[in-house]
Amino acid sequence: MIARNLFLLGLLVAPLAAQLLEPPALPAPARSIAVSLNTDVKLKFHFLAIGKQIYQCDNGAWAKAATPDAALYDISSHLKVHHSAGPTWTMVDGQGAVKAIGSTAIHFASPDGVSIDWLKLDVDQASRTGVFSDIGIIQRLYTGAGKAPATGCTADQVYESAYTAHYYFWVSK
């Protein structure tokens, strides 16, 4: 498991290092999930996620929504954030947490056609604490894998699908 995570992290370190705190480049069809930059909106954090999407069987088919369980790393490969159900992001040092409003998410199908959607999420402002107290928008981009199987399932079956992604946290006043 550790070797797999290090391998996945290695695959994404180059793009992460190349982007630093630059706004992400999006293909033209993904404009719906772009963040409009202005004096009130700026990029605060860019993390690389390695984790899993956990799917539950629902009447013989995999549920469309998954529960995330991921570790987010900074540019220096330091573990910074745990991503979990909610969706919620919590600093591992206890210095802040934030929750997104899942029902307002804007989805964009991953360009590779086999990975989980790219997302633009509004933040629940009442949930913001610590270093996330000024975050208003979260993006999940450049995803790798994470989808449920195309096959059916049986009651009480659970499927954990490994995934990677880049998460962008935007200050929004």
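Trainee: In what sense do β4 and β5 pair, and over how many bridges?

Mentor: β4 and β5 pair in the antiparallel sense, over four bridges. Keep in mind that this is a predicted model. Pick one bridge to look at: Val 81 has Met 91 in β5 as its partner.

Trainee: How many residues sit between the strands in that hairpin, and which residue there takes a positive phi?

Mentor: The hairpin of β4 and β5 has three residues between the strands. Gly 86 takes the positive phi, near 140°.

Trainee: Which bond joins Gly 86 and Pro 87?

Mentor: Start with the general idea. Most peptide bonds are trans. Now the case here. The bond that joins Gly 86 and Pro 87 is cis, with omega about -10°. Pro 87 lies in the loop between β4 (79-84) and β5 (88-91).

Trainee: What comes after Pro 87? Where is Thr 88 found?

Mentor: Thr 88 is found in strand β5. Buried means under 20% relative accessible area. Thr 88 has 18%, so Thr 88 is buried. Setting aside neighbours within four places in sequence, Thr 88 is in contact with His 82, His 83, Val 98 and Lys 99.

Trainee: Which strand pairs with β5 over three bridges?

Mentor: That is β6, residues 96-99, and the sense is antiparallel. Thr 90 has Ala 97 in β6 as its bridge partner. β5 and β6 form a hairpin with four residues between them. In its turn, Gly 94 has a positive phi of about 80°.

Trainee: Which residue has a positive phi of about 55° although it is not a glycine?

Mentor: General idea again. Most residues other than glycine have a negative phi. Here, Asn 59 has a positive phi of about 55°. Asn 59 is found in the loop between β1 (41-58) and β2 (61-62). Exposed means over 50% relative accessible area. Asn 59 is at 79%, so Asn 59 counts as exposed.

Trainee: And what is the phi of Asp 156?

Mentor: Asp 156 has a phi near 65°, a positive value in a residue other than glycine. Find Asp 156 in the loop between β10 (135-145) and β11 (158-172). Asp 156 counts as exposed because its relative accessibility is 74%.

Trainee: Let me step back. How many helices and strands does the chain have?

Mentor: The chain has one helix and 11 strands. Read from the N terminus, the helix leads and the strands follow. Buried residues make up 42% of the 173 residues.

Trainee: How do I read contacts along the chain? What share of the contacts with a separation of 6 or more comes from residues 24 or more positions apart?

Mentor: Take the contacts with a separation of 6 or more. Residues 24 or more positions apart account for 62% of them.

Trainee: Which residues of the largest nonpolar core touch the most other members?

Mentor: Look for Leu 72, Trp 89, Phe 132, Ile 138, Tyr 167 and Phe 169. The core has 27 residues. At least two of its residues come from each of β1, β3 (67-73), β5, β8 (118-122), β10 and β11. A second, separate core has 12 residues, including Leu 26, Ile 137, Leu 141 and Tyr 168.

Trainee: What is Tyr 167 in contact with?

Mentor: Leave aside neighbours within four places in sequence. The contacts of Tyr 167 then include Phe 45, Phe 47, Leu 72, Trp 89 and Ile 138. His 83 and Arg 140 are also among them.

Trainee: Now for empty space. What is the volume of the largest pocket?

Mentor: The general idea comes first. Rolling a probe the size of a water molecule over the atoms shows where empty space is left. In this model, the largest pocket has a volume of about 700 Å³. Its lining has 26 residues, and the closest to its centre are Gln 53, Lys 64, Ala 65, Ala 66 and His 107. β1, β3 and β8 each give two or more residues to the lining. The lining divides into 16 nonpolar, six polar and four charged residues.

Trainee: One last residue. Is Thr 67 buried, exposed or partly exposed?

Mentor: Thr 67 is at 36% relative accessibility, so Thr 67 counts as partly exposed. Thr 67 lies in strand β3. Not counting residues up to four places away in sequence, Thr 67 touches Lys 52, Gln 53, Ile 54 and Ala 85. The C-alpha atoms of Thr 67 and His 83 are separated by 9.6 Å, and the two residues are 16 apart along the chain.

Definitions and conventions. Residues are numbered from 1 along each chain as its sequence is written. This is a predicted model: local features need pLDDT of at least 70, side-chain atom pairs count only at pLDDT 80 or more; totals for chains, interfaces and linings use all residues. Side-chain values use heavy atoms; hydrogens and water are left out. Buried means under 20% relative accessible area, exposed over 50%, partly exposed in between (1.4 Å probe, protein chains only). A nonpolar core is a set of buried Ala, Val, Leu, Ile, Met, Phe, Trp, Tyr and Cys residues joined through side-chain atoms within 4.5 Å. Contact means heavy atoms within 4.5 Å. On a 1 Å grid over the protein atoms alone, a cavity is a set of points where a 1.4 Å probe fits but cannot get out, and a pocket is an open set with protein on both sides within 12 Å along at least five of seven lines; lining residues have an atom within 4 Å of a point. Grid points are joined across faces, edges and corners, and a volume is the space filled by probe spheres set on the points. Ala, Val, Leu, Ile, Met, Phe, Trp, Tyr, Cys and Pro count as nonpolar, Asp, Glu, Lys and Arg as charged, and the others, Gly among them, as polar. Two strands pair if DSSP finds at least two bridges between them.
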